[in-house]
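Me: I would like a close look at a single part of the fold below. Please keep it brisk and give cut-offs as you go.

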Amino acid sequence: MKTITTIFNKYKEIVTYIIFGVLTTLVNFFAFWLFTKIFGEDLYLVNNAIAWVVGVVFAYVTNKLFVFESKSWDLKLITKEITGFLGARIFSFLVEEGGMLLFISVLGFGEKSLTLLGVTITGQFIVKILLAVIVVVLNYVFSKFFIFRKQEAGNRKQETE
């Protein structure tokens, strides 16, 4: 019988990505909520953009250090990682912004709400939650296969020199 440690080690990258993905999502949602309170619901795309910036900074650091364990702080490598990370995140951000615009402004989901256990969730937040699932999957694929991909020892040594 496999132990929990063995299973965790086998799926460590996915488990840590999920953990830090949830934390990044919480940071993003909290920032979105906060800026919605400050600037109002009419500026939902601006609020989302600011929340995105906060989330991306948190996500880069946690993905680099804890998920994909890219420990090098070599300027050339960091520049390459940040460029790829931002490029991928900008793409998923545009998917999220486009989805919010479509579902909230065009299809009218912003006017809807849902009450669960006495807590009312706005249509904007419902849309944001649904789009977060798509964004998390896109970001994992980009991070895993393009940004923090594992390289053979010889290639990694050349890249950090």
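Which element gives the most to the nonpolar patch? Please start there and work outward.

Reply: Helix α2 gives the most to the nonpolar patch, with six residues. First, the ground rules. This is a predicted model, in which local features need pLDDT of at least 70, side-chain atom pairs count only at pLDDT 80 or more, and totals for chains, interfaces and linings use all residues. Residues are numbered from 1 along each chain as its sequence is written, and side-chain values use heavy atoms, with hydrogens and water left out.

Helices and strands are DSSP runs, numbered from the N terminus: H or I with at least four residues for a helix, E with at least two for a strand. Helix α2 covers residues 12-39.

Now the patch itself. Its members are I7, Y11, I14, I18, I19, V22, L23 and L26. Together they have about 700 Å² of accessible area. Such areas come from the Shrake-Rupley method with a 1.4 Å probe, and for residues only the protein chains shown count as cover. A patch takes residues with over 30% relative accessible area and no salt bridge; nonpolar side chains (Val, Leu, Ile, Met, Phe, Trp, Tyr) are joined within 5 Å, like charges within 9 Å.

I14 is one member, and I14 lies in α2. I14 counts as partly exposed, at 41% relative accessibility. The classes are: buried under 20% relative accessible area, exposed over 50%, partly exposed in between (1.4 Å probe, protein chains only).

α2 also holds N28. N28 is buried, with a relative accessible area of 10%. Setting aside neighbours within four places in sequence, N28 is in contact with A51, W52 and K128. Contact here means heavy atoms within 4.5 Å.

Next, the charged pairs. A salt bridge is a side-chain nitrogen of Lys or Arg within 4 Å of a carboxyl oxygen of Asp or Glu. That rule gives four salt bridges. One of them starts in α2: K12 meets E69 at 2.6 Å, N to O. This pair links distant parts of the chain, 57 residues apart, with E69 in the loop between α3 (44-67) and α4 (75-106). K12 is partly exposed at 30%, and E69 is partly exposed at 36%. E69 has another feature: its phi is near 50 degrees, a positive value in a residue other than glycine. Most residues other than glycine have a negative phi.

K128 comes back here too. K128 pairs with E96 in a salt bridge of 2.7 Å, N to O. E96 lies in α4 and K128 in α5 (residues 123-147), so the pair ties together parts that are 32 residues apart in sequence. Both ends are buried: E96 at 5%, K128 at 0%.

K64 and E81 form a further salt bridge, 2.8 Å from N to O. K64 lies in α3 and E81 in α4, so parts 17 residues apart in sequence are tied together. K64 is buried at 0%, and E81 is buried at 3%.

What about the interior? A nonpolar core is a set of buried Ala, Val, Leu, Ile, Met, Phe, Trp, Tyr and Cys residues joined through side-chain atoms within 4.5 Å. The largest one has 15 residues. Those with the most contacts inside it are Y17, Y60, V67, F68, F85, I147 and F148. α2, α3, α4 and α5 each supply at least two residues of this core. Here α3 gives the most, with five residues. F148 touches both ends of one salt bridge, K64 and E81. Its other contacts, not counting residues up to four places away in sequence, include Y60, N63, F68, S70, F85 and S143. Apart from this core lies another, of twelve residues, among them F29, F35, Y44 and A51. A51 also appears in the contacts of N28.

Last, the strands. Strands pair if DSSP finds at least two bridges between them. β1 (residues 113-116) and β2 (residues 119-122) pair in the antiparallel sense over four bridges. L114 stands opposite I121 in β2. The two strands form a hairpin with two residues between them. In that loop sits L117. L117 has a positive phi of about 50 degrees although it is not a glycine. L117 counts as exposed, at 88% relative accessibility.
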